[in-house]
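Visitor: I'd like a close look at a single part of this one, with its neighbours brought in as they come up. Pick a spot and talk me through it.

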Amino acid sequence: MRPEKGIMKYTCWGAARQVTGSMHLLEFENGYKILMDCGLDYEKNDDPDLNLNFPFEPNEIDVVILSHAHIDHSGNIPNLVKQGFEGHIFCTEPTAYLLDKLWADSVNIQNLDRKKRNGMPKLYGFAEIKKAQDRIITLPFYKKFELSPEISVELYEAGHIIGAASIVLEIKDKKTTRIGFTGDLGNYGSKLIVDPKPMENLDYLICEATYGNRSHKVQISPLEELKSQVIQACVNKAGRLIIPAFSVGRTQAILFTLKQLFESGEVPSIRVFADSPLALASTNIHNKFRSYLNEEAKMSAAETGELFDFKELHLVQDESDAQDMELYHDSCIIVSSAGMLEGGRIQQHLQDHVSNPLCTVLIAGFCTPGTLGAKLLDGINPIRIKNQDRYVYAKVLQTDVFSAHPDKDGLLRYIESCKSDSNFKLFIVHGEESGMEAFSELVKDKLNIPVEVPRKGQTFSL
Ligand SMILES: [Zn+2]
């Protein structure tokens, strides 16, 4: 079905009725093409060709604008370059630094996957990463940049991870049209990270709805929540507290909160191991780009000179650090990736300790169904970790306080602040299909605006 004539067309090529593979194409009447995000889709893991080819000609894309570094938003850019994209990639400076680490990590994961599953195609290597890096132009927040005489881009703070942006495109035709893409939004009141800033006066908004069907149960602050968990797991039970956490963002929020707890004397001194190479790199980037963090973080860094450095913290950087950690038998806290327990060093910690009744596993966030984290939370026992069954005697808990996405009330509040008074239309992307339908009904009901939940490849005339 051909879209009606408008000044541009929007096609949703990824994160359509699912969470990963974020990719949104805008095509203008004069042939100019903007791609917002170019992420890896890992929803259907059994299709080896997923992500290999693009549903458009990469060499016809004029620019890529990237919301943030997470691999489901950025991870297929080197492949786009490999297949002929020759334009610039716009993002913030912290995003550019994080991309270095996350793209390299993505190549390593692809190589491991290819070893496991013979015949898996290679998406890209370090040569394509280098080429992609050479095309990056960094933009500050809140400064309009002219892509062409008619089209400008402005980045807003999305508050999701350090440097994460929402994207506003302003198009001057007979009238001015403003299109916003949220990227991933953050939760209000997060540790370290600023609150999401709505893009005002929009005509169209492409909005994430990861938690569009959820309400955060949070009644207490991250500081109180972590204090109570540490006291129960490490003081009352004298055991170890294992916190699976994503390397970029959540690990730093947890370490920063622990630093505040120790400094205030609210919990006794307990050793903390941070065990994830990517998390350590990301921690350095948080230190380097402090000016992008929230006021509380900036003040703390100004007072103490360091964001994450506290005497209890032990960074596991090499084999000898890892041995020290294994031999440490007093109560301790281990923060390790990956967040949903799929891969990463966390699996070893679980394999070693999930059968220990003195151990507590605190899952800091939502786990997609089917992941090891979700199975653990569902009470599956015994549980299969790295091809071995383990009985679960550890206490398994979950907390929302470090969530990196707003819940449905936060999203409604955000959307309401973005809309123009006249012609406003909302596109909902980046969520689980059933939750997105429910959220779409909620938005129609509460805000009385037209809403679309695009299918992959669906085109709209704007
Ligand atoms: Zn993200």
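Guide: Here is a walk around one helix, followed by some strands, the two domains and a few backbone oddities.

This is a predicted model, so to speak of local features we need pLDDT of at least 70, and side-chain atom pairs count only at pLDDT 80 or more, while totals for chains, interfaces and linings use all residues. Residues are numbered from 1 along each chain as its sequence is written.

Our spot is helix H3, residues 93-116. (Helices are DSSP runs of H or I with at least four residues, strands are E runs of at least two, and both are numbered from the N terminus.) Take its meeting with helix H4, residues 126-134: the two axes come within 10 Å and cross at roughly 160°. (Axes are lines fitted to C-alpha atoms, for helices over the stretch in contact, and angles run from 0 to 180 degrees between N-to-C directions.) H3 and H4 are therefore roughly antiparallel, the word used for angles over 145 degrees. On the H3 side, the contact is made by Asp100, Trp103, Ala104 and Val107, and H4 brings Phe126, Ile129 and Gln133. (Contact means C-beta atoms, placed from the backbone, within 7 Å.) Sort the residues of that contact and you get five nonpolar, one polar and one charged. (Ala, Val, Leu, Ile, Met, Phe, Trp, Tyr, Cys and Pro count as nonpolar, Asp, Glu, Lys and Arg as charged, and the others, Gly among them, as polar.)

H3 has another partner in helix H7, residues 277-288: these axes also come within 10 Å, crossing at roughly 170°. That makes H3 and H7 roughly antiparallel as well. Here H3 offers Pro94, Tyr97, Leu98, Lys101 and Asp105, which meet Leu278, Ala281, Ser282 and Ile285 of H7. By class, this contact has six nonpolar, one polar and two charged residues.

How do those numbers sit on the domain map? Domain 1 covers 8-214 + 404-461, and domain 2 covers 222-398; the bounds come from an automatic or database domain assignment. Their C-alpha centres lie 29 Å apart. The contact between them takes 17 residues from domain 1 and 18 residues from domain 2. On the domain 1 side, the residues split into ten nonpolar, three polar and four charged.

Now for some strands. Strand S5 (residues 88-91) runs parallel to strand S4 (residues 63-65), joined by three bridges. (Strands pair if DSSP finds at least two bridges between them.) Isoleucine 65 has phenylalanine 90 of S5 as its bridge partner. S5 also pairs in the parallel sense with strand S6 (residues 136-138), over three bridges, and there isoleucine 89 stands opposite isoleucine 136 of S6.

Elsewhere, strand S20 (residues 425-429) pairs with S21 in the parallel sense over two bridges, with phenylalanine 427 bridged to glutamate 452 in S21. Helix H13 (residues 433-447) packs on the sheet and touches S20 and S21; its direction makes about 160° with that of S20. In the loop between S20 and H13 sits histidine 430, which has a positive phi of about 60° although it is not a glycine.

Two peptide bonds deserve a glance too. From serine 337 to alanine 338 the bond is cis, with omega near 15°, and alanine 338 lies in the loop between strand S15 (332-336) and helix H10 (346-353). The bond from asparagine 381 to proline 382 is cis, with omega near 5°.

Definitions and conventions
Parallel < 35°, antiparallel > 145°, perpendicular 65-115°, else oblique. Contact = placed C-beta atoms within 7 Å.
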